Amino acid sequence: MAWFDKFPGVGRKLPKTKEAWVECKSCKEQIYQIDLIDNLHVCPKCDFHFRMTYSDRVQLLVNPGTFEEKDANLISGDPIRFKDKKRYKDRVKSLLKVRNSTDSVVCGTGKLEDHQVELCVFDFEFLGGSMGSVVGEKITRAIERARADKSALVIVSCSGGARMQEGIFSLMQMAKTSSALNTLAEEGVPYISVLTDPTMGGVSASFAMLGDAILAEPGALVGFAGPRVIEQTIKQKLPEGFQRAEFLLDHGLIDQVVHRKDMKRRIANLLSLFKNTPIVAQPN
């Protein structure tokens, strides 16, 4: 049966929660899940970028064995005792039982090529990557570590915006993180912001758009209010591709649209330029 070895993915097991086949949301191609994982969660036919888990994102960007998570003990409270169909604190407790992350952002230190970095990666599966008080605190602490150690800061955003279950405490994180980034800029420490699908609301209106260089994955939805809300408000049809990464690039709101497979190398090269250090040649 050795001929089975010729086929990629044969013998590899998927998690019980994973389907064997996935339909591309763009071209409707049926993709074998193993092939999708091996291709960095990018459709091999049309290059549509699927969302990645935070752990896959960390593996993509950080050298193996170098990532050390920080502030994992911070857990959201319930400052306004919010309740809809379920109490907010109960939602958080239920997520903590099934998620490896304790909130919608994971922060830590690691090596990205030759650069020591503070890395913050959003977990969209934790309440839509929404920004509450814990997210603001963890990102601010990462900024402070970058400032103290003169390490570069990289934030990968994937968020629906502010976490309304925390009311004004959530909105305050916009000013908190933006103020901390101002002190980082004063020290001349580089900050790279990476926008993935989606980056919306209070996240896009604060730290996500304050990078020294702002990169985005192809097709990422980036904006404040969603396109449907805007159309209903202004009673006009929006242009094709409005709020997508390519549209923002054409209108000068971001610096580059970068394919996922090139993201680590592009960030490393930018950090070398910011720090005035040699760019390491990419191996053949």
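**Cavities and cysteines in a predicted model**

The largest cavity in this structure has a volume of about 60 Å³, and I should say at once that we are looking at a predicted model. A search of the whole structure finds 2 cavities of 30 Å³ or more, and I will take them in turn before I come to the cysteines.

If you look at the largest cavity, you will find that its lining is made by Arg51, Met52, Arg57, Val121, Phe122, Val156, Cys158, Thr196 and Asp197. The elements that contribute two or more residues to this lining are β5 (115-122), β6 (152-159) and β7 (191-199). Sorted by class, the lining of the largest cavity holds 5 nonpolar, 1 polar and 3 charged residues.

The second largest cavity, with a volume of about 30 Å³, is lined by His49, Phe50, Arg51, Arg57, Thr196, Asp197, Glu217 and Arg260. Here the lining divides into 1 nonpolar, 2 polar and 5 charged residues.

Now to the cysteines: how many disulfides does the structure hold? The count is 0, and two cysteines let us follow the reasoning, for which we need the cut-off that a disulfide is a pair of cysteine sulfur atoms within 2.5 Å. The sulfur of cysteine 43 has its closest cysteine sulfur in cysteine 46, and because the two are 3.7 Å apart, they are too far for a bond. Cysteine 43 is also buried, at a relative accessible area of 0%. For cysteine 120, the closest cysteine sulfur belongs to cysteine 107, at 3.2 Å, which is again too far for a bond, and cysteine 120 likewise counts as buried, with 0% relative accessibility.

Conventions: Residues are numbered from 1 along each chain as its sequence is written. This is a predicted model: local features need pLDDT of at least 70, side-chain atom pairs count only at pLDDT 80 or more; totals for chains, interfaces and linings use all residues. Side-chain values use heavy atoms; hydrogens and water are left out. Buried means under 20% relative accessible area, exposed over 50%, partly exposed in between (1.4 Å probe, protein chains only). On a 1 Å grid over the protein atoms alone, a cavity is a set of points where a 1.4 Å probe fits but cannot get out, and a pocket is an open set with protein on both sides within 12 Å along at least five of seven lines; lining residues have an atom within 4 Å of a point. Grid points are joined across faces, edges and corners, and a volume is the space filled by probe spheres set on the points. Helices (H or I, at least four residues) and strands (E, at least two) are DSSP runs, numbered from the N terminus. Ala, Val, Leu, Ile, Met, Phe, Trp, Tyr, Cys and Pro count as nonpolar, Asp, Glu, Lys and Arg as charged, and the others, Gly among them, as polar.
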